[in-house]
Amino acid sequence: MSIKSLGAKIFAKRIAKQTAKWRDNPIVTQEKVFRQLLEKASATKFGVDHGFDNIKSHEDFVNKVPIRDYEALKPYVEEVVAGKEDILWPGKPVYFAKTSGTTSGAKYIPITDTSIKHQVNASRNAILNYIDETGNADFVTGRMIFLQGSPELTEKNGVKLGRLSGISAHYVPNYLQKNRLPSWETNCIDDWETKVNTIVDETMNEDMTVIAGIPSWVQMYFEKLENKSGKKVGDLFKNFQLFIYGGVNYEPYRAKFEGLIGRKVDSIELFPASEGFFAYQDSQTDKGMLLLLNSGIFYEFVKADEFFEENPKRLTIKDVELNVNYVMIISTDAGLWAYNLGDTIQFISLKPYKVIVSGRIKHFISAFGEHVIAKEVEEAMQLAVKETGASINEFTVAPQITPESNQLPYHEWLVEFEREPSDMDKFVELLDNSLQKQNSYYFDLIDGKVLQTLKVTSIAEGGFNAYMKSIGKLGGQNKIQRLANDRKVADGLSSFSM
């Protein structure tokens with residue numbers, strides 16, 4: 001065992017003990033975070049406007065601080081962007097994470113010195129937790145690659161500006177810098193296809209042990225490696241041991257990945273965003289991700305079914321239930337207050353608190369009142385792929401409200417197959433039956449002949465990437481919308497159908 005591997009194991013043991021302290025005292029931990037956030041920001045403009053000095057309980061907080069999304073918080077953010085201090089958090093942020101907004105163009109998410117440290121530590125601790133659980137630390141001596149956006153930063157009124165993944169690249173610890181690929185120059189390439197091709201050239205003859213990124217873009221990297229080398233990724237990188245991912249559910253891609261790799265490798269799921277790092281997978285044997293309760297974030301939860309009511313009930317960690325779809329609301333040490341992240345989660349464990357990401361509150365299909373969510377379509381796809389021997393590259397789902405002739409409306413599944421199912425009718429039947437079992441509203445609509453059975457449209461090889469390129473969102477942190485209540489994505493993909 002190398003000195004670096006031994007050191008990693010010792011460090012992992014220490015972090016595991018620290019994690020256990022807050023994990024085993026979740027309610028006390030969250031109450032402490034709540035108090036610290038309010039105290040720290042009491043003299044800011046937002047704190048004064050909302051009477052932070054007079055907030056003594058969560059009930060007070062609910063009464064004084066309404067839930068906001070980015071649009072509602074934007075007047076405060078614009079003051080921060082303009083260079084003003086003490087608006088949402090004391091002083092000025094150290095970064096703005098620039099993200100794509102659906103209605104307002106670019107969004108500027110403030111990142112403070114404390115919040116970026118929590119982001120970096122959470123990413124590190126996810127790997128250390130894996131080391132402590134499995135005893136495997138050999139990979140720390142090999143090469144590691146993180147497929148991400150450019151680390152080049154610009155400046156806006158004295159604050160550095162960039163993509164979160166690019167900002168994070170500046171915080172790789174010194175002891176890992178020599179292990180890290182691709183090179184800085186390659187990481188700064190803007191065109192994604194050129195970047196991936198260059199990464200293939202840089203890494204093909206290296207001893208890659210850890211590979212990280214959004215599954216759809218790592219898949220492109222793996223395919224290019226296989227095409228150029230003529231080998232499975234696992235044969236090319238004989239010591240490849242760990243895949244780290246976030247952003248989308250890995251399960252629909254798992255069969256394709258294992259085919260590209262040629263064997264199984266361990267994986268760690270992360271739940272990061274520009275607004276904070278919320279959870280990571282803490283077990284190789286259990287589902288779900290450990291919700292990070294000691295990382296400068298106070299969580300509230302609203303049942304998704306009630307979210308669009310006038311005054312939906314806001315719950316704290318002590319009030320949540322298993323297997324309920326919640327919208328996650330956050331208040332953070334970057335100055336986001338009762339902020340609607342847009343993600344929906346479900347708790348699959350309360351001791352400790354572990355979550356899965358079930359979708360986006362704005363990304364669902366309810367054209368007919370069915371309210372189908374991402375988790376449901378992903379589980380249906382996982383089952384259908386497994387039972388029919390299919391393999392997929394990507395898929396999305398949309399309603400077809402106005403079908404041709406006198407047909408009933410239906411859900412259209414647009415699927416790019418790497419390997420088509422042995423029986424397409426069986427594939428469709430499995431998808432539809434799984435969705436009916438998971439979603440009683442969908443079942444009632446099918447049973448009542450309001451909807452007909454879903455239909456699958458095959459997308460040509462490379463069609464999803466071509467579509468993403470056509471809208472300027474190929475690679476990086478961009479990902480395909482899994483499902484929508486309109487046909488914008490579906491119609492955009494129509495020219496790539498087979």
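Asp343 stands opposite Arg360 in strand β15, and this pair is a good doorway into the predicted model you are looking at. The two strands around the pair, β14 and β15, run antiparallel and are joined by 7 bridges. From there we can follow the chain into its neighbours, and then step back to see the whole protein.

**Strand β14 and its two hairpins**

- A hairpin joins β14 to β15, passing through 2 residues.
- Pro352 lies in the loop between β14 (339-350) and β15 (353-360), and the peptide bond that leads from Lys351 to Pro352 is cis, with omega near 0°.
- On its other side, β14 is joined to β13 by 4 bridges, and these two strands also run antiparallel.
- If you look for a matched pair here, you will find Tyr326 opposite Ile345 in β14.
- β13 and β14 form a hairpin too, with 6 residues between them. In that turn, Gly335 has a positive phi of about 95°.
- Of the 12 residues of β14, 10 are buried, so the strand is largely enclosed by the rest of the structure.

**A close look at Thr344**

- Thr344 has its place in strand β14.
- Is Thr344 buried or exposed? Its relative accessible area is 2%, and buried means under 20%, so Thr344 is buried.
- Which residues does Thr344 touch, leaving aside its neighbours within four places in sequence? Its contacts include Asn325, Tyr326 and Val327, and also among them are Ile356, Val357, Ser358, Gly359, Arg360 and Ile361.
- A handy rule for picturing such places is that side chains in a regular strand alternate between the two faces of the sheet.

**The open sheet**

- β14 belongs to an open sheet formed by 11 strands, in the order β6-β3-β7-β8-β9-β10-β11-β15-β14-β13-β12. The pairing in this sheet is mixed.
- The strands at the edges are β6 (180-181) and β12 (297-303). Each has a single partner strand, so one side of each is left without a neighbour in the sheet.
- Within the sheet, β10 (residues 276-280) and β11 (residues 289-291) pair in the antiparallel sense over 2 bridges, with Tyr280 standing opposite Leu290 in β11.
- Just after the edge strand β6 comes another spot to find: Pro182, in the loop between β6 and α9 (184-187). A cis peptide bond joins Leu181 and Pro182, and its omega is about 0°.

**Two loop residues with positive phi**

- Asn323 is found in the loop between β12 and β13 (326-332). Its phi is near 60°, a positive value in a residue other than glycine.
- Ala338 is found in the loop between β13 and β14. Its phi is near 45°, again a positive value in a residue other than glycine.
- How do the two loop residues compare in accessibility? Asn323 counts as exposed at 57% relative accessibility, whereas Ala338 counts as buried at 0%.

**Strands β16 and β17**

- All 10 of the 10 residues of strand β16 (residues 391-400) are buried, so β16 is largely enclosed by the rest of the structure.
- β16 is joined by 9 bridges to strand β17 (residues 410-419), and the two run antiparallel.
- To find a facing pair in these strands, start at Ile392, which stands opposite Phe417 in β17.

**The whole protein**

- How many helices and strands are there? The protein has 18 helices and 18 strands.
- The radius of gyration is 23 Å, close to the 23 Å that the globule rule gives for 498 residues, so the protein is as compact as a globular protein of that length.
- Along its principal axes, the C-alpha trace spans about 65 × 60 × 45 Å.
- Buried residues make up 54% of the 498 residues.
- Take the contacts between residues at least 6 apart in sequence: 67% of them join residues at least 24 apart.
- The accessible surface comes to about 22,100 Å², and 47% of it belongs to carbon and sulfur atoms.
- As for charge, there are 59 positive and 66 negative side chains. The centres of these two sets lie 6 Å apart.

Key: Residues numbered from 1 in each chain as written. Predicted model: local features only at pLDDT ≥ 70, side-chain atom pairs only at ≥ 80, totals over all residues. Heavy atoms only, no water. Rg over C-alpha atoms; globule rule 2.2 N^0.38 Å. Buried < 20%, exposed > 50% of the residue type's maximum accessible area, 1.4 Å probe, protein only. Contact = heavy atoms within 4.5 Å. Areas by Shrake-Rupley, 256 points an atom, 1.4 Å probe, with all protein chains shown as cover. Lys, Arg positive; Asp, Glu negative; His and termini not counted. Charge placed at Lys NZ, Arg CZ, Asp CG, Glu CD. Pairing = 2+ DSSP bridges.
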